Amino acid sequence: CTQIAKDHYVVVQGLQILIAVVSLFSMLPCIFIIARTGTLHLNCKALLLCSAAAQLEIIAMQLVVTLNEIYTRNPLPDDVGEAENWIMFGHEIGYGLSTVVSVYLVAERLFALRNVSDYSETVASSPAAVMLTLLAV
């Protein structure tokens, strides 16, 4: 059963590469739109750009993982080597960063909704939001 899975994994790798490339190219217009939108608050814009960057990192690392599997001709490895450990570490960093930025974005939007009159008048609402964004990166 394992050999059958490894034999047919080439199809899965091809789909992974296709989806990763399409996703990378579809994210670029989103980043430009977020950056050029003037009505977004600076904190929200910064968090959305950090979130988009984290998503790009995840997609790029998935592409690296797939290309590494093709290069080493070792799909579905039972034991990963040193290089694969670093690749997977980078992959997991992307997921962690994405999660943290998402939580910060929800907290920032909740704060903005609770303090609409004060929040909308400021350029950057609070040093804490900026600090949390920098810590997420």
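Helices, in the sense used here, are DSSP runs of at least four residues in state H or I, numbered from the N terminus. With that in hand, you can place a residue such as Val64, which is found in helix α2. Keep in mind as you read that the structure above is a predicted model.

Let us start with the whole chain. Its secondary structure comes to five helices and zero strands. If you walk along the sequence, you meet the pattern α-α-α-α-α. Of the 137 residues in the chain, 30% count as buried. The chain exposes about 9,100 Å², and carbon and sulfur atoms supply 71% of that area. Now think about which parts of the sequence meet each other in space. Among contacts between residues at least 6 apart in sequence, 76% join residues at least 24 apart.

Next, follow helix α2, which runs over residues 42-72. How far does this helix of 31 residues reach from its first C-alpha to its last? The answer is 44 Å, close to the 45 Å expected at 1.5 Å a residue. After α2 comes Arg73, whose phi is positive, near 55 degrees.

Where do the helices come together? A good place to look is the largest nonpolar core, made up of seven residues: Ala20, Met27, Ile31, Ala52, Leu56, Ile59 and Leu63. Helices α1 and α2 each supply at least two residues of this core. The largest share, four residues, comes from α2. You can zoom in on one member of the core, Ile31: setting aside residues up to four places away in sequence, Ile31 touches Leu49, Ala52 and Leu56. Apart from this core lies another one, of six residues, among them Cys44, Cys50, Tyr104 and Leu105.

Now stay with helix α2 and visit some of its residues one at a time. Lys45 lies in this helix. Is Lys45 buried or exposed? Lys45 counts as buried because its relative accessible area is 16%, and the cut-off for buried is under 20%. Leaving aside neighbours within four places in sequence, Lys45 is in contact with Ile34, Ala35, Thr37, Gly38 and Leu40.

Further along, come back to Val64. This residue has 36% relative accessibility, so Val64 counts as partly exposed. Its C-alpha atom is separated by 7.5 Å from that of Ile87, although the two residues are 23 residues apart along the chain.

Ile70 also lies in helix α2. With a relative accessible area of 39%, Ile70 is partly exposed. Which residues does Ile70 contact, once neighbours within four places in sequence are left aside? They are Gln13 and Ile17. There is also a pairing to find with Val10: Ile70 and Val10 are 60 residues apart in sequence, yet 8.3 Å apart in space, C-alpha to C-alpha.

Let us move on to helix α3, which covers residues 82-114 and includes Glu84. Not counting neighbours within four places in sequence, Glu84 is in contact with Asn68 and Thr72. The C-alpha atoms of Glu84 and Val65 are separated by 7.9 Å, with their positions 19 residues apart along the chain.

Ser98 is another residue of helix α3. Why does Ser98 count as buried? The reason is its relative accessible area of 9%, since buried means under 20%. Beyond residues up to four places away in sequence, Ser98 touches Ala54, Gln55 and Ile58.

One more stop in helix α3 is Ala112. At 8% relative accessibility, Ala112 counts as buried. Ala112 is 68 residues from Cys44 along the chain, while their C-alpha atoms are separated by 9.4 Å. You have met Cys44 before, as a member of the six-residue core.

Finally, turn to the outside of the model. Here you can find a nonpolar surface patch of about 490 Å², made by Val11, Leu15, Leu18, Ile19 and Val22. One of these residues, Val22, lies in helix α1, which spans residues 2-36. Val22 counts as partly exposed because its relative accessibility is 49%, and exposed would call for over 50%.

How values were computed
Residues numbered from 1 in each chain as written. Predicted model: local features only at pLDDT ≥ 70, side-chain atom pairs only at ≥ 80, totals over all residues. Heavy atoms only, no water. Patch = residues over 30% accessible without salt bridge, like charges linked within 9 Å, V, L, I, M, F, W, Y side chains within 5 Å. Areas by Shrake-Rupley, 256 points an atom, 1.4 Å probe, with all protein chains shown as cover. Salt bridge = Lys/Arg side-chain N within 4 Å of Asp/Glu carboxyl O. Buried < 20%, exposed > 50% of the residue type's maximum accessible area, 1.4 Å probe, protein only. Expected span 1.5 Å × (residues − 1). Core = buried A, V, L, I, M, F, W, Y, C linked by side-chain atoms within 4.5 Å. Contact = heavy atoms within 4.5 Å.
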